[in-house]
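Thanks for sharing this one. Here are some notes to read with the structure open beside you, set out as numbered points.

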Amino acid sequence: PSRIANDNFRWEANRKFEYAIEVGILKDRVQISISHYQNRSGNQLVSYAIPLLTGFGSYQANLPAIVQNTGWEFELYTKTIQKTSLTWSFNFNFTIPRNELKSFQNFKASNYASLLELGTDITRITGYKFEDVDPSTGVPVYAGQIGSSSTNPYYNYTVGKQTPDFYGGFGNTIAFKGWQFDIFAQFAKQKSLGSIQY
């Protein structure tokens, strides 16, 4: 066999909700759109790790978790110049995404207990968090679990996430007598894992 059978294997479930406001002024030369979305997914399809003594390293399964993605999206579009031989339009978009692990059945007994954390982003970055130096011994003090502190570093502390805090872009389109010039730029505030090995 190429893989282990799973009788409980089923489709991933998604629930989506979104609302928006769209406004056009000056005969739609200026258009503004504001929207908010909330997506909840469950029974995610994953390759679940199992002991190699079974003959396989993993099997296809459903993750008994609820992951929620929410966010705000803002869009602006303007027809700055609109003449016979010259047109200029401008567009801008800005998104604030949020990701959270809402629930996970038997979380502490799962293989994901050291990777994920309830109530946080699933792309979280773990590591040590330095807090202070013990003045009596000169030994560094690190953040521990649930608000505690210790001289023994707790590696699984959440120090960041890879989901962007925000991202967006803007563009200009200028057309003049059959010629068209486009320029577009993107921006984001995001953390990523470093390459320093220790």
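1. Let me begin with Val139. With a relative accessibility of 33%, Val139 counts as partly exposed, because the value falls between the 20% limit for buried and the 50% limit for exposed. Val139 sits in the loop that joins S6 and S7. If you would like a sense of distance, compare Val139 with Arg10: the two are 129 residues apart along the chain, and their C-alpha atoms are separated by 52 Å.

2. A word on confidence before going further. This is a predicted model, and the protein chain has an average pLDDT of 89, with 97% of the residues scoring at least 70. Within the protein chain, strand S1 (residues 13–25) has the highest confidence, at a mean of 96, while strand S8 (residues 149–150) has the lowest, at 82. As a reading habit, predicted coordinates should not be read in detail where pLDDT is low.

3. Now to the sheet around that loop. Strands S6, S7 and S8 form an open antiparallel sheet, in the order S6-S7-S8. S6 (130–133) and S8 stand at the edges with a single partner strand each, so one side of each has no neighbour in the sheet.

4. The S6 and S7 side of the sheet is held by three bridges, and the two strands run antiparallel. Val133 stands opposite Pro140 in S7. Together S6 and S7 make a hairpin with six residues between them, and in its turn Gly138 has a positive phi of about 80°.

5. On the other side, S7 (residues 140–143) pairs with S8 over two bridges, again in the antiparallel sense. Ala143 has Ser149 in S8 as its bridge partner. S7 and S8 also form a hairpin, here with five residues between them; Ile146 in the turn has a positive phi of about 50°.

6. Ile146 turns up again at the largest pocket, which has a volume of about 340 Å³. The pocket is lined by 14 residues, and the closest to its centre are Glu117, Gln145, Ile146, Tyr154 and Asn156. What is the chemical make-up of the lining? Seven of the lining residues are nonpolar, four are polar and three are charged.

7. The aromatic residues deserve a look as well. There are 15 aromatic pairs, counting rings whose centres lie within 6.5 Å. In one of them, the ring centres of Phe92 and Phe187 are 6.3 Å apart and the planes meet at 20°, so the pair counts as stacked, the limit being under 30 degrees. Phe92 belongs to strand S4 (residues 86–104) and Phe187 to strand S11 (residues 179–189), so this pair ties together parts that are 95 residues apart in sequence.

8. Are the two rings' residues buried or exposed, or something in between? Phe92 is partly exposed, with a relative accessibility of 29%, and Phe187 is also partly exposed, at 28%. Both residues belong to a cluster linked by ring pairs, made up of Phe17, Tyr19, Trp72, Phe74, Phe92, Phe94, Phe166 and Phe187.

Technical notes: Residues numbered from 1 in each chain as written. Predicted model: local features only at pLDDT ≥ 70, side-chain atom pairs only at ≥ 80, totals over all residues. Heavy atoms only, no water. pLDDT = per-residue confidence, 0-100. Helix = DSSP H or I, 4+ residues; strand = E, 2+ residues; numbered from the N terminus. Phe/Tyr/Trp six-rings, centres within 6.5 Å; stacked < 30°, edge-to-face > 60°. Buried < 20%, exposed > 50% of the residue type's maximum accessible area, 1.4 Å probe, protein only. 1 Å grid on protein atoms, 1.4 Å probe; cavity = no way out; pocket = protein on both sides within 12 Å on 5 of 7 lines; lining within 4 Å. Points joined across faces, edges and corners; volume = space filled by probe spheres on them. Nonpolar A, V, L, I, M, F, W, Y, C, P; charged D, E, K, R; others polar. Pairing = 2+ DSSP bridges.
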